[in-house]
Amino acid sequence: MNITRRSILLASALGIAAMAAGGAIAASPPLEKKETYKVGFAQTESNNPWRLAQTASMQEEAKKRGWQLVYTDAAGSAAKQVADVNSMIAQGVDLIFLAPREEKPLIPAIKAAKNAGIPVILLDRSVDPSLAKPGEDYVTFIGSNFVEEGQRVAEWLIANGKDKTKIIELEGTTGSSPANDRKKGFDDVVAKNPQFSIVASQSGDFARDKGRQVAETLLQAHPDANVIYAHNDEMAIGAISAIEAAGKVPGKDILVLSIDGGKEAVQAVVDGKIAAVVECNPRFGPKAFDTAVAYANGETIPEKIINPDQFYDDKNAKELLSTAY
Ligand code: GYE
């Protein structure tokens, strides 16, 4: 009996043992050791440079290794993303990389893949930890520490904001893990510094035009606001248009803070329109595929694999601009 076959049998024996102990099959399905794979990548949307960089990184890596990549784009719809995962299951892919749009609606699709014996690796967004678990329902989560990203922005503001203390927060997609965690990380630090206050917080759905519209409305409602914290670059760039349309100067009257660190935003730091950006690293390909191989080899996979993120402000943006995606 070859090693792969033996490890599959061992994994199912463990599953049967778990069932006998009164639970469902515990472990995430194994991945057979093969020369090449057919893997799925269920992208959530493609409306910004971050997503395009992530998709390119996944496609390049698949090409480099000679793996077949079944790519879908849910175009901003969790329902379509569920259908995309189900279609990958029907096509019999070996493994699914999933960027779940929101924390809850993708859970049934993750469980369906598990029931079909297909391991899932979550990329860049996570799911509600009370509903699905790493090592059990999915192999692992690969991505940034979003709570820390929010904290880093808040700490920069506390240290450098001076008289800029009244904050408008533009939240990402409601129910998505980066929006939840970037809010938590930022708001908790601000709450410990009572000279700062969040005067309004509303979703701009991680989108440029929605961010512009929401910023416009909130700036009218709160004319004393002098900080805009956006959960991503797209909304920050939208907010800059709203600030200028209101006859104010970004970087002078209103500080703009952002997360993602795409080239356009880092250029805006160089130009003084964005005060600081925490990068959210979109280069997933090598790590994602390496993790799949390690999993097939039977290595222990950590519950979370965290990408390192750069930080840009006026001290380093010019020098690092050429390295931004
Ligand atoms: O910040 C945003 C994108 O999930 C980390 O989603 C990702 C976020 C990223 O659309 O720009």
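With 73% relative accessibility, K162 counts as exposed. That residue makes a handy way into this predicted model, since its backbone also does something a little unusual to look at. The phi angle of K162 is near 50°, a positive value, and K162 is not a glycine. As for its place in the chain, K162 sits in the loop between α5 (146-160) and β6 (166-171).

A second non-glycine residue with a positive phi is D260, where the angle is about 135°. Here the setting is a strand, β9 (residues 255-260). And is D260 buried or exposed? At 6% relative accessibility, D260 counts as buried, because the cut-off for that label is under 20%. So K162 is an exposed residue, whereas D260 is a buried one.

Now for the overall layout. The protein chain splits into domain 1 (3-143 + 283-305) and domain 2 (146-280). Between the C-alpha centres of domain 1 and domain 2 there are 32 Å. Where the two meet, 12 residues of domain 1 and 16 residues of domain 2 take part in the contact.

What about the inside? The largest nonpolar core has 68 residues, and the members that touch the most others are I96, F97, L98, L123, L257 and F289. Helix α10 (residues 285-296) supplies the largest share of this core, with six residues. Both domains chip in, as domain 1 and domain 2 each provide at least three residues. Apart from this core lies another one, made of 30 residues, including A200, A225, I228 and A265.

F289 is worth a closer look. Which residues does F289 contact, leaving aside its neighbours within four places in sequence? The list runs V39, M58, E61, A62, R65, W67, L69 and F97. One of these, F97, is also among the core residues that touch the most other members, as is F289 itself.

Next comes a sheet. Six strands form an open sheet in the order β7-β6-β8-β9-β10-β12, and their pairing is mixed. At the edges are β7 (197-203) and β12 (311-313), each of which pairs on one side only. On average, and with direction ignored, neighbouring strands in this sheet are turned by 15° against each other. In general, the strands of a sheet pair through backbone hydrogen bonds, in either a parallel or an antiparallel way. For one pair in this sheet, β6 and strand β8 (residues 227-230), the sense is parallel, and the pairing runs over four bridges. Within it, E169 has Y229 of β8 as its bridge partner.

Helices pack against this sheet too. Helix α6 (residues 177-191) touches β6, β7, β8 and β9, and its direction makes about 165° with that of β6. Helix α7 (residues 208-221) lies across β6, β7 and β8, and runs at about 150° to β6.

Finally, the charged side chains. Searching the whole structure turns up 25 salt bridges. One of them joins R101 to E45, with the closest N and O atoms 3.0 Å apart. Why does this pair tie together parts of the chain that are 56 residues apart in sequence? The reason is where the partners sit: R101 is in the loop between β3 (95-98) and α4 (107-115), while E45 is in the loop between β1 (38-43) and α2 (49-65). R101 counts as buried at 6% relative accessibility, and E45 counts as buried at 6% too. The pair also belongs to a network of salt bridges that links E45, R51, R101, E102, D124, R125 and D205.

Another salt bridge brings together the side chains of K164 and D163, at 3.9 Å from N to O. K164 counts as buried, at 14% relative accessibility, but D163 counts as exposed, at 55%.

Back in helix α7, R212 and D209 form a salt bridge as well, and their closest N and O atoms are 2.9 Å apart. These two residues are three apart in helix α7, so about one helical turn separates them. R212 counts as partly exposed at 25% relative accessibility, and D209 counts as partly exposed at 40%.

Conventions. Residues are numbered from 1 along each chain as its sequence is written. This is a predicted model: local features need pLDDT of at least 70, side-chain atom pairs count only at pLDDT 80 or more; totals for chains, interfaces and linings use all residues. Side-chain values use heavy atoms; hydrogens and water are left out. A nonpolar core is a set of buried Ala, Val, Leu, Ile, Met, Phe, Trp, Tyr and Cys residues joined through side-chain atoms within 4.5 Å. Buried means under 20% relative accessible area, exposed over 50%, partly exposed in between (1.4 Å probe, protein chains only). Domain bounds come from an automatic or database domain assignment. Contact means heavy atoms within 4.5 Å. Two strands pair if DSSP finds at least two bridges between them. Axes are lines fitted to C-alpha atoms, for helices over the stretch in contact, and angles run from 0 to 180 degrees between N-to-C directions. A salt bridge is a side-chain nitrogen of Lys or Arg within 4 Å of a carboxyl oxygen of Asp or Glu.
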